[in-house]
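Here is a short briefing to read alongside the structure. Keep the view open and follow along, topic by topic.

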Amino acid sequence: MKKIKFIDVGFKDHDDVILKDISMEISFGYIYTIIGPSGAGKSTFIKLINRLIDPTEGKILIDEKNIKDYDIIKLRRRIGMVFQQPYLFEGTVEDNIKYGPMIRGQRDTNVDYYLSMVGLDKSYRTRKVDDLSGGEAQRISIARSLANEPTVLLLDEPTSALDPASTQVIEDLVIELKNKLNLTIIWITHNMEQAKRVGDFTIFINNGRLIEYGNTKAFFSNPKNDLTRLFINGKLTKEGIE
Amino acid sequence: MNVLSLVMSSSLVLISIFISYYQKLGVEKEIVIGSIRAIVQLTFVGYILHYIFYANSILFTLAMVIAMIIVAGNNAAKRGSGIPHVFYFITISIAFGAAITLTALILFGSIHFRPQEVIPVSGMIIGNAMVSSGLTVSRLKDEVKSRRHEIETYLALGANSRQASQKILKIAIKTGMMPTIDSMKTLGIVQLPGMMTGLILGGVDPVNAVKYQMMVTFMMTSTTAIACFTVALLSYTQFFTKNHQLI
Ligand SMILES: Nc1ncnc2c1ncn2[C@@H]1O[C@H](COP(=O)(O)OP(=O)(O)OP(=O)(O)O)[C@@H](O)[C@H]1O
Ligand SMILES: [Mg+2]
């Protein structure tokens, strides 16, 4: 897989326009950070990519083929997703990491390998998920996604519930994973500094519209759109301009 | 029991009306309506049953059982309002549970295919299945609503809608079955069930009445289990698209 292409994509919930006229391309092998005010449509945008929802307008192509023409279960395995509050399944860390491979009939998952991928040693394997800290839980949820051997990872504010130290760990980890496994990362964040630190490209969504996107350095040092400038300077909220 | 003592016993309803009035519960009207409905419906059913028993026809008996299933399905469907086709799902599930249980009872020789036996037994199992399948669908609805994030986590990992609903299906089925199982545990100690009470009042020896009650307990449990299981499996599909997307 090389490229995800959005063509005039829109998403409506009944009569509510959640996303509108999104056209852009995501090239594989990079980290894309998505920023935008609360309720802008960021989570909705990434759910379109692993087809938790389908666009109501336009289409999304992966390597020039409509994502609707891929087997949806296989597509979701190729495109992992990590949420802000990880939901870990009852039981042990091992149960969680084995889940994805298990439902496709594979029983010999190398749990230690995936633990090492997220910087945890094998003593974690038998730990009960209830005993994990927030940062550890997030790392397990990343390891659980990795066990499906994805090529894309969608991260929906993976660090917003974590303290600065754990946030740092996750940032370093994701960058390392991207390099090691040649992953494509699409990372929603509310933290502008984080978007700058980890992003190769940055996407700004406001009020359901794609306002601007481009190389992260240029995006922050020389934004082209007035709204982007306002947002970067903390002067744009869901309610409007301050 | 003669008619006069029945009329006098109806005055007991006045007590509940008085309490409602005194405590400002505001349900006097409903008590009155409920009592009148009970009188009218029971009288009506009494005559219908009288006629069906007298006619002793397979067709009438089956028609009566089917009517009971439809009314039960309609009533239980209210608990699952919002789920498309829920009336059909519940009605099919109750019918399925009742059919299996009735067939087994008849094959085992526990009852005979006579209106006097089939109809009261059906009434009991259908009534029980109605309550339990209603509980199952309403719990299913609640669980899907409160566990969206969890379901999406499963789906995002490549689970299909069935696998993603595994846990809530379990919870919903269990919720439907629990009252029946719980009442089984206290049977005879806390409660003398209506059927057994009726038999004893009607002059049947308690030891004999107990045998019937045991059978009733078993058949209610099986019907409930089948109905809850079936309705859960039919209904959960309505929360997903065919592409395993949560609606
Ligand atoms: N399932 C849904 N049904 C209806 N409306 C929804 C649904 N999910 C989200 N929305 C609405 O869509 C809009 C965008 O939501 P979304 O979650 O994509 O925003 P977001 O940018 O991720 O916000 P946040 O930063 O707060 O997470 C919001 O107005 C939200 O209320
Ligand atoms: Mg969001």
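**Ligand pocket and chain interface**

In this predicted model, a polar side-chain atom of A:E157 lies 3.4 Å from an oxygen atom of ligand 1. Two topics follow: the surroundings of the ligand, and the contact between the chains.

**Around ligand 1**

- Begin with the polar side chains: besides A:E157, at 3.4 Å, A:S43 places a polar side-chain atom 2.7 Å from an oxygen atom of ligand 1.
- A:H190 takes part as well, with an N or O atom of its side chain 2.8 Å from an oxygen atom of the ligand.
- On its own, ligand 1 would expose 630 Å², and the protein buries 59% of that area.
- The residues that surround ligand 1 include a run you can trace along chain A: A:P37, A:S38, A:G39, A:A40, A:G41, A:K42, A:S43 and A:T44.
- The shell is completed by A:D13, A:I18, A:E157 and A:H190.
- By class, the shell residues comprise 3 nonpolar, 6 polar and 3 charged.
- Which helix of chain A gives the most to this shell? Helix α1, spanning residues 42-49, does so with 3 residues.

**Where chain A meets chain B**

- Chain A brings 24 residues to the contact, and chain B brings 16 residues.
- About 1800 Å² is buried between the two chains, and carbon and sulfur atoms give 55% of this area.
- Three residues are worth highlighting in your viewer: A:L52, A:R76 and A:Y87 together supply 31% of the area that chain A buries against chain B, more than any other three residues.

**Polar and charged links across the interface**

- How many salt bridges does the rule find between chain A and chain B? There are 2 salt bridges across this interface.
- One salt bridge joins the side chains of A:K47 and B:E152, with an N to O distance of 3.1 Å.
- Polar contacts link 9 residue pairs across the interface, counting pairs with both residues at pLDDT 80 or more.

**The face of chain A that touches chain B**

- Four elements of chain A, α2 (72-78), β6 (79-82), α3 (93-103) and α5 (134-146), each give two or more residues to the side that touches chain B.
- The element that gives the most to this side is α2(A), with 4 residues.
- Sorted by class, the residues on this side of chain A are 12 nonpolar, 5 polar and 7 charged.

Conventions:
Residues numbered from 1 in each chain as written. Chains lettered and ligands numbered in written order. Predicted model: local features only at pLDDT ≥ 70, side-chain atom pairs only at ≥ 80, totals over all residues. Heavy atoms only, no water. Near = heavy atom within 4 Å. Polar contact = N/O pair within 3.5 Å; in protein donor to acceptor, adjacent residues only side chain to side chain. Areas by Shrake-Rupley, 256 points an atom, 1.4 Å probe, with all protein chains shown as cover. Nonpolar A, V, L, I, M, F, W, Y, C, P; charged D, E, K, R; others polar. Contact = heavy atoms within 4.5 Å. Buried area = accessible area lost by both parts, 1.4 Å probe. Salt bridge = Lys/Arg side-chain N within 4 Å of Asp/Glu carboxyl O.
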